[in-house]
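Hi,

Here is the structure I promised to pass on. Have a look at it first, and then read my notes underneath.

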Amino acid sequence: MTSAFANPQIKNTVQLPLGSIKEAVKFIIYLDYNYKLQPFDDNSNKYRFESRKFIREGAFIDIALLEGSGSATEIAVEVRKISGDFEKTREVKSASNHIKDIDKLIGNILKLSPEQKEMYKGVEASITPGKGLKEFTCSNCKKNFYANRKINAIAICPHCKTRNLVVSNSDGSGWGTFFETVFMVGNIFRGRK
Ligand SMILES: [Zn+2]
């Protein structure tokens, strides 16, 4: 017989309106693709994410929001294993990393400008060449797609839907030249502490 540990959880009240926290929670998927938002009822103010990050067998991260008085919002986060209970201290510790991540992600999202949010959401790239479009190669399926050469943003591969970060030249020469490389945005955010 092994004794199960309690699910890691945290509850905190922030001085921000429910609406902005809801939007931030739903935006997590654009900043960290390790978190998959499950189907939800927006009126319930409850959101469940599935993730294989930190725990190989997978975990559910449940976020429940509650409207407080004077535009405050209570945020409750609980991490549970997809199947079974936490049986080892090490597992509980790993699961707690989700709470730290979610906390950091929501904090970062709340700081994003509308323009930055658009950038993170990305634009669907074209399957065919066109005026003002530049050819890129998808980091995942290696097929070519065409994206606006003026963007420094996420282009969604029209073939496989992988999100590619299309990078502008950072050497100060402006928009005239670009790095030919396109890489997965996930590599930038994933695992960064
Ligand atoms: Zn692709």
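Before anything else, a quick definition: a residue is buried if 20 or more other C-beta atoms lie within 10 Å of its own, exposed if 12 or fewer, and partly exposed in between. By that rule, buried residues make up 21% of the 193 residues in the chain. Do keep in mind that this is a predicted model.

The overall picture

The chain has four helices and eleven strands. If you take the contacts with a separation of 6 or more, 45% of them come from residues 24 or more positions apart.

The cores

Which residues have the most contacts inside the largest nonpolar core? They are Val25, Ile61, Ile63, Ile102, Leu105 and Ile106, in a core of 20 residues. Two or more residues of this core come from each of helix H1 (18-31), S3, S4, S5 and helix H2 (89-110). H1 gives the most, with six residues. You can spot one link between the helices at Ile106, which touches Ala24 and Val25, leaving out residues up to four places away in sequence. Another core lies apart from this one; it has ten residues, among them Phe136, Cys138, Leu165 and Val166.

Helix H2

H2 is a nice one to check by hand. It has 22 residues, and at 1.5 Å a residue it should span 32 Å; the C-alpha atoms at its ends are 32 Å apart, so the two values agree. Its buried residues are Ala95, His98, Asp101, Ile102, Leu105, Ile106 and Ile109. Looking down the axis of H2, you'll see these fall within an arc of 125 degrees, so they line one face of the helix. Thr89, Arg90, Lys93, Lys100 and Gly107 are exposed on the other side of H2. And what covers the buried residues? H1, S3, S4 and S5 are included in that cover.

The strands

Strand S3 (residues 46-51) pairs with strand S4 (residues 59-67) in the antiparallel sense, over six bridges. Try finding Lys46, which stands opposite Ala64 in S4. S4 also runs antiparallel to strand S5 (residues 73-81), and nine bridges join the two. Here Leu66 has Glu74 in S5 as its bridge partner. The hairpin of S4 and S5 has five residues between the strands, and Gly70 in this hairpin takes a positive phi near 60 degrees.

Now go back to Ile10, in strand S1 (residues 9-14). Ile10 is 66 residues from Ala76 in sequence, yet their C-alpha atoms are 5.7 Å apart in space. Setting aside neighbours within four places in sequence, Ile10 is in contact with Val77 and Ile99. Is Ile10 buried, exposed or partly exposed? It counts as partly exposed, because it has 14 C-beta neighbours inside 10 Å.

Two odd loop residues

Phe54 is not a glycine, but it has a positive phi of about 70 degrees. You'll find Phe54 in the loop between S3 and S4, and it counts as partly exposed because it has 18 C-beta neighbours inside 10 Å. Lys161 is not a glycine either, and its phi is positive too, at about 70 degrees. Lys161 sits in the loop between strand S9 (154-156) and strand S10 (163-168). With 11 C-beta neighbours inside 10 Å, Lys161 counts as exposed.

Cheers

Conventions
Residues are numbered from 1 along each chain as its sequence is written. This is a predicted model: local features need pLDDT of at least 70, side-chain atom pairs count only at pLDDT 80 or more; totals for chains, interfaces and linings use all residues. Two residues are in contact if their C-beta atoms, placed from the backbone, lie within 7 Å. Two strands pair if DSSP finds at least two bridges between them. A nonpolar core is a set of buried Ala, Val, Leu, Ile, Met, Phe, Trp, Tyr and Cys residues joined through C-beta atoms within 7 Å. The expected span of a helix is 1.5 Å times one less than its number of residues. The arc is that of the directions from the helix axis to the C-beta atoms.
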